Amino acid sequence: MKILSVIEAFGHGGAQTVLLDVVLSLPEHQHRVVHYSRANGIEAEKTFLGKLRAAKIECIETHWNSLRDQSLRTQLLGDFSPDVVMFHWWGKDPWMPWVLADREGAPTFVCVMHHAVYPARAGYDRYVLVSRSQLPQVANLEQHRVVVIPNGVDLARFPLPNVPRNHPHRPFTVGRLSEMRAGKIPETWLNTLASFHLDDVRYVLAGGGALLPKLREAAAELHLEGRVCFPGYVPRDAVPALLETFDVFCYVTSSALECSPLAILEAMAAGVPVVAEARGGIPEIVVDGENGLLAHSMDEIRNHLRRLRDDVALRERLARGARATAERFSLANQMASYRRLMADLESRRHHIELPAIEVSMEKT
């Protein structure tokens, strides 16, 4: 089949990573990618573009109007007439005139939902959720059009971790990896860390973004410079080595509601226990007492970190559970689910009825 993958902006993030993984992991299909990065004021991720170029997959940057109008689409896509169009959706639908146009000879439209709040627009043929926490967003739609395919982590990037970890020459390290922007990290996160009074703990806040200068200033004002490290933007290839230095992955957001955060899955693949808020789709990944600890307040976050610092046996048990969880949420399992979806869509295009698919996230 010919698959056209479309996204609003092809920067560095979870939705973009899923798009890239789907395109590169399903080479039996013909692929093309379209994005509107500059039109949205965002610089496209160079490493992602490089991977597509290396795989000889055309990646077109344009304006969203190019897909709204049939003549402009023809100019843009040339002789590439897609069988399936996968919109990696982040709450906006600038392409709806195409989705709602006359369906005679039209491709199958799939909405891959990465946003955690907005209801999905009607009109797509299929809706892919990355978390069951998104089910209320499609409650008004025909449920046979909905399938759940959780995000997956490429285990080949993460060798089996050493448990117990042996870092005799550094303090207990609590890390996180995310964009440093409003919504993703609380602006007052350094104040919160200082209020924990865990004086023998080192914190690593990795990632780039608009809030990074403010966070660095806060660390200086709070006299935390020697205890808080800001590596800045971390390329994807360098993530495993960074996570190897963490004893715990602590993930707290301000307003962002996460569905299936790849950062948490990558931490688990590296054998790092997770401390996180019990919000959104996180409880579908982090099972309290099995691969990490869940919290409902900052007091609980502090207590969990103290407990993991002091209880080596608990930390090692959760580390093993984290890796086992990552193996369930593997890229291989994710792509197997997408292959089932593609086979189902192809059969329906040829009017061959197969049983409706439903991807479970239950333990196997």
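How many bridges join strand β5 to strand β6? Four do, and the two strands run parallel. This is a predicted model. Seven strands form one open sheet, and six strands form another open sheet. The largest pocket holds about 1,500 Å³ of space.

**The seven-strand sheet**

- The strand order is β3-β2-β1-β4-β5-β6-β7, with parallel pairing.
- β3 (59-61) and β7 (146-148) are the edge strands, and each pairs on one side only.
- Neighbouring strands here are turned by 20 degrees against each other on average, direction ignored.
- β5 covers residues 108-113 and β6 covers residues 126-129.
- Cys111 has Tyr127 in β6 as its bridge partner.
- Helix α12 (residues 331-349) packs on this sheet. It touches β1 (2-7), β4 (84-89), β5, β6 and β7.
- The direction of α12 makes about 175 degrees with that of β6.

**Where α1 meets α12**

- The axes of α1 and α12 come within 11 Å and cross at roughly 70 degrees.
- Angles of 65 to 115 degrees count as roughly perpendicular, so α1 is roughly perpendicular to α12.
- From α1, the contact uses Val18, Asp21, Val22 and Ser25.
- From α12, Leu331, Gln334, Met335, Tyr338 and Arg339 take part.
- By class, the residues of this contact are five nonpolar, two polar and two charged.

**The six-strand sheet**

- Its strands follow the order β10-β9-β8-β11-β12-β13, and the pairing is parallel.
- The edge strands are β10 (228-232) and β13 (292-295), each of which pairs on one side only.
- The twist from one strand to the next averages 20 degrees.
- Three bridges pair β11 (residues 248-251) with β12 (residues 274-277) in the parallel sense.
- Within this pairing, Phe249 stands opposite Val274 in β12.
- Helix α6 (residues 189-196) lies across β8 (172-177), β9 (201-206), β10 and β11.
- α6 runs at about 165 degrees to β9.

**The largest pocket**

- The lining of the largest pocket consists of 47 residues.
- Nearest the pocket centre lie His12, Gly13, Gly14, Glu179 and Arg181.
- Two or more lining residues come from each of α1 (14-25) and α9 (262-269).
- α1 gives the most to this lining, with four residues.
- The lining has 21 nonpolar, 17 polar and nine charged residues.

How values were computed. Residues numbered from 1 in each chain as written. Predicted model: local features only at pLDDT ≥ 70, side-chain atom pairs only at ≥ 80, totals over all residues. Heavy atoms only, no water. Pairing = 2+ DSSP bridges. Axes fitted to C-alpha atoms, helices over the stretch in contact; angles between N-to-C directions. Contact = heavy atoms within 4.5 Å. 1 Å grid on protein atoms, 1.4 Å probe; cavity = no way out; pocket = protein on both sides within 12 Å on 5 of 7 lines; lining within 4 Å. Points joined across faces, edges and corners; volume = space filled by probe spheres on them. Nonpolar A, V, L, I, M, F, W, Y, C, P; charged D, E, K, R; others polar. Parallel < 35°, antiparallel > 145°, perpendicular 65-115°, else oblique.
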